[in-house]
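Below are some notes on this model, set out point by point for a colleague who has the sequence and coordinates at hand.

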Amino acid sequence: MFRAGLPNRGNYISFMRNSVPFGCLLFLWLCTGSIASAQTNPPPQPLDQFSPNPLEITTPDPLKPATESLSNTQRDELTAALQQLSLEAAAKLQAGDGAGAFDIWFRELRLRRYLGPAAEIAALSRVGSVAWSSNKNLELQLITKRLQAIQKQVKSEVSVNAELLPALAAAFQQVRAKGPTVEVYQQILDNARQSQDILAQGQTLKAIALIHINWLSYDKAAPVYEELATLIQENRAVFAANSAVPNSAVTAGNGAPPQPVTPPTEVDALRQLAYVYQQSKQPLKAIAARERLAAVYVNLQNPAAIPPLKMAIATDYQTIGQINLAAQYYQEAYNLAVPIQQYAQASEALEKLALLYRSQKQWEPTVRIYQMQLLLEERAYNWYGLMSAYDNLGQVYQEMKAYDKALAAYQKGLEVAKRLGHRQEYFDKKIIKVNKQLQRTS
C-alpha cells in the first residue's frame, strides 16, 4: 500500500496486516518509524534562512503512498496516520521542543498533499496558526509560500475555484497574510459578479472591508463599504429576504468549528463607513454617511437610533468649526429624544450644546440650556444629573459675575447633594467662595 522506507519493512507489514488489527498495526508502524528515526537522525535543528525548504523535501517517507490515486481505505489510513503525527507534534511543542514539533508538522504537511488541496489547505491553516502564535516567522513564511503556490494552481482550475477559494482565504487569514487574503476574496467577488450572485457579492465585500479595518487600512476600507452600501440600497428586497433566512456556516480553515455568517446590512455598512471616514480624518464624508444612515433608520421606523446619530453629526461639525450646524444638530437630538423618553440622551445633547455656547462665551443661551436641563432631570428623577446641572449653572453665573444667582444655584445643588449624601463638601466650598465674592462687590 505504501512505499517502504526501510529494508524488508514491506514484508514485515504484510505479515502483521494479516495477523494484527489495523489500529495496533498503525501504532507499531509509527513507533517503529520513530525509533528508527531516533537511532539514525540527529535531533532537528531550528530553521534558518539557509535551511532547505522542509515542505519541498523529497526524502522517501514510509507513509508516502505508492500512487497518487488513493482508495477510500487508503485515504482513511493515511488520514489516521497524519492525525497521529499532528498529535505527536503538538506534544513536542507542549514540552518545549519547538524545532522537533515543526519538523513533524512539516512532514505531515508534505504528506497531506496526497489527500488533495482541500485537506492540505486546512492543515496549512492549522499549522500556520500555531506558527504565528509561536512567533515562528520563518515557518510562517514557508507555509504562506506554499499557500500561494496552491492559490496559483487554483486560478487555473476553474472547476474547483468555488469550493477551494473560501478555504484558501481563511487559511491566508490564519497566517496573517493580508495581501493574498484580499486577492483571494477579490477572485471570489469576481466570480460572484459573473454569476450575478448579489448576496455573495455583499458577503464578500463585507469580508474584504473587515480585513482592511483589522489592518487599520481605513482609506482602503472606505470605497469597499461605499460599494456595499450602494449594493444593498439597490437590492434591499433581496437582502431583506436573506436576513430572515437562517445563517449558513463556514469553516474557519484551522480546525475550528463552523462559524455563523452574518449577512451584511445597510445599517452596518453605513455605520462602518462613517467610522472609517472618521478614523481617516474625513469628517464631511463621515457626516454624509451618517445622514444616509439616518434616512435608513426613518425607513426602518427606528426613531430610537436617530438621536445618537444626530449627536455624532453635531460632534463632527464641531470638530471642523461649524459651530452653528453643530448647535442645530444638538438641538435636533434633544427634540427627537424627549418624545421617546430618551432622557439620558436628551440631557447629554443639552450638556454638549451648553458647553458649545459656553466655549463661545455666549452666556445667555448657555443659562437657558442649563435651565432646560434642570427641568429635564427633574422630570426624569435623575438626582445626580440635577446636582450636576445646578453646579454647571452656578459656574456660568460666576463667570458672568452674577454672584447672587451663582449662590442660589450652588445652594440648590447642596440640597440635592445632601439628599444623595454625595459632594456636600464640594458645594460648601463653592458657597463659601461665592459669599466672599459677594462681600467684595458689596
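**Notes on helix 3, helix packing and the cores**

1. Glycine 96, which comes after helix 3, has a positive phi, near 95°. This value, like those that follow, is computed from a predicted model.

2. Helix 3 itself covers residues 72-94, and its 23 residues reach 33 Å from the first C-alpha to the last, close to the 33 Å expected at 1.5 Å a residue. The buried residues of helix 3 include the nonpolar Leu78, Ala81, Leu82, Leu85 and Ala89, and with them Gln74, Glu77 and Ser86.

3. Helix 4 (residues 98-112) packs against helix 6 (residues 137-155) at an angle of about 5°, their axes lying 12 Å apart; the two helices are therefore roughly parallel to each other. In this contact Phe102, Phe106 and Leu109 of helix 4 meet Glu139, Leu142 and Ile143 of helix 6, and the residues involved divide into 5 nonpolar, no polar and 1 charged.

4. Isoleucine 143 deserves a separate look: leaving aside residues up to four places away in sequence, it touches Leu55, Phe106, Leu109, Leu124, Val127, Gly128 and Val175.

5. The largest nonpolar core has 73 residues, and those touching the most other members are Leu109, Ile143, Leu147, Tyr225, Leu273 and Val276. Helix 10 (residues 218-234) supplies the largest share of this core, namely 9 residues. A second core, separate from this one, holds 45 residues, among them Ala327, Tyr330, Tyr343 and Tyr397.

Note on methods
Residues are numbered from 1 along each chain as its sequence is written. This is a predicted model: local features need pLDDT of at least 70, side-chain atom pairs count only at pLDDT 80 or more; totals for chains, interfaces and linings use all residues. Side-chain values use heavy atoms; hydrogens and water are left out. A nonpolar core is a set of buried Ala, Val, Leu, Ile, Met, Phe, Trp, Tyr and Cys residues joined through side-chain atoms within 4.5 Å. Buried means under 20% relative accessible area, exposed over 50%, partly exposed in between (1.4 Å probe, protein chains only). Helices (H or I, at least four residues) and strands (E, at least two) are DSSP runs, numbered from the N terminus. Contact means heavy atoms within 4.5 Å. Axes are lines fitted to C-alpha atoms, for helices over the stretch in contact, and angles run from 0 to 180 degrees between N-to-C directions. Angles under 35 degrees count as roughly parallel, over 145 as roughly antiparallel, 65 to 115 as roughly perpendicular and the rest as oblique. The expected span of a helix is 1.5 Å times one less than its number of residues.
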